[in-house]
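Reader: Before I plan anything at the bench, I would like a close look at one part of this protein, taken slowly and with the reasoning spelled out. Could you walk me through it in one connected answer?

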Amino acid sequence: MRACPLVAILAYDGLCAFEFGCAIEVFGLSRPEVGAYWYRCVVAGVEEGPLRAGPRLSVMPDGDLSLLEQADTIIVPGWRGVDTVVPTELVFALQRAHARGARLVSICSGVFVLAAAGLLDGRRATTHWHHTQHLARKYPNIRVQPDVLYTEDGSLLTSAGSAAGLDLCLHVVRQDFGARIANQVARRLVIPAHRDGGQAQFLPRPVPKRPSRRLGALFDVVRTRLDESWPVERMALEAGMSARGLHRHMREATGVTPLVWLLNERIALARDLLETTRSPIAEITRLSGFQSEAGFRKQFRRLSGVAPNEYRRQFDATG
């Protein structure tokens with residue numbers, strides 16, 4: 001039986017607890033539903049433990065940096081300061097790991113560790129939007145991508161702010177185990193499986209409030225009949241409101257107009273169909289309520305960042 005991939009997660013004094021927790025959540029927990037073939041995970045200490053991770057939390061590593069020598073993937077979960085010196089031993093350990101072909105993954109400010117090791121020169125990388133300009137000034141040879149969730153340049157992967165680290169970790173799972181397993185892990189985490197690296201760091205609208213009972217009923221009806229025509233007047237009638245009232249309540253609940261909400265729901269259904277079925281694009285166009293295939297393709301690319309066929313290639317969970 002082939003050996004399970006070994007993931008080494010770095011820990012250091014002043015550890016970024018959220019980023020570390022994201023890596024542990026994805027790679028460090030057992031997944032009985034997946035089967036015996038899953039990641040082996042170790043925590044490699046930059047210093048001797050216990051290591052502080054905030055005022056009330058400490059982490060005891062499994063060993064020192066020698067654990068990186070056999071790792072297939074190494075995760076750098078943030079760093080204790082964008083201008084804090086990276087220890088020479090860590091730099092050398094990462095350089096050796098990269099030279100033998102290990103995959104190196106940074107979350108948020110962890111990119112500054114890979115940059116200090118000289119591994120990102122001439123390559124694409126990102127970090128939290130708050131640090132992108134500083135990264136570009138400090139390391140001008142890096143091709144900083146300021147508006148994406150994560151980047152992949154060969155065996156070097158970097159993510160934007162903390163939560164984008166989950167997107168990148170799922171991307172790694174997708175590479176190693178396929179879309180079906182990655183989607184399964186995403187469902188367990190209750191996060192979207194389809195946010196790809198090219199999506200912007202900034203959310204297009206605030207998190208929705210809990211809808212009123214009438215809006216909730218409207219949402220349920222529309223979502224089960226997205227293949228039908230839903231002009232604003234019909235939605236308002238279904239909700240028992242005037243068109244003006246529907247606009248007001250919808251904006252309060254979702255931050256967008258009824259038609260923008262409807263478009264987002266159609267695209268969400270199309271994504272799900274692309275991930276989970278072999279239906280042709282023409283059929284997905286019809287089921288998600290678009291009037292023409294050309295219009296569907298245009299809106300899907302605008303909102304998802306990729307064409308429908310490319311999206312299916314990346315996130316197909318049927319095989």
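Author: In this predicted model, a place to begin is the side chain of T254, which reaches the backbone nitrogen of V256 at 3.3 Å. T254 itself belongs to helix α9, which covers residues 243-254, and with a relative accessibility of 6% T254 counts as buried.

From there we can turn to a pair of helices, bearing in mind that two packed helices are described by the angle between their axes and the distance between the axes. For helix α1 (residues 17-28) and helix α5 (residues 164-177), the axes come within 10 Å and cross at roughly 25 degrees. Because angles under 35 degrees count as roughly parallel, α1 and α5 are described as roughly parallel to each other, and the crossing in which α1 passes α5 is right-handed. The residues that meet are C22, A23, V26 and F27 from α1, and L166, C169, V172 and V173 from α5.

Since cysteines appear on both sides of that contact, it is natural to ask how many disulfides a search of the whole structure finds. The search finds zero. C4, for instance, is in no disulfide, and the nearest cysteine sulfur, that of C41, is 12 Å away; C4 also counts as buried, because its relative accessibility is 14%. As for C169, its closest cysteine sulfur is in C22, at 6.7 Å, which is too far for a bond, because a disulfide requires the two sulfur atoms to be within 2.5 Å. C169 has a relative accessibility of 0% and therefore counts as buried.

Terms used
Residues are numbered from 1 along each chain as its sequence is written. This is a predicted model: local features need pLDDT of at least 70, side-chain atom pairs count only at pLDDT 80 or more; totals for chains, interfaces and linings use all residues. Side-chain values use heavy atoms; hydrogens and water are left out. Buried means under 20% relative accessible area, exposed over 50%, partly exposed in between (1.4 Å probe, protein chains only). Helices (H or I, at least four residues) and strands (E, at least two) are DSSP runs, numbered from the N terminus. A polar contact is a pair of N or O atoms within 3.5 Å; within protein, one must be able to donate a hydrogen and the other to accept it, and residues adjacent in sequence count only if both atoms are side-chain atoms. Axes are lines fitted to C-alpha atoms, for helices over the stretch in contact, and angles run from 0 to 180 degrees between N-to-C directions. Angles under 35 degrees count as roughly parallel, over 145 as roughly antiparallel, 65 to 115 as roughly perpendicular and the rest as oblique. A crossing is left-handed if the near helix is turned anticlockwise from the far one by less than a right angle, and right-handed if clockwise. Contact means heavy atoms within 4.5 Å.
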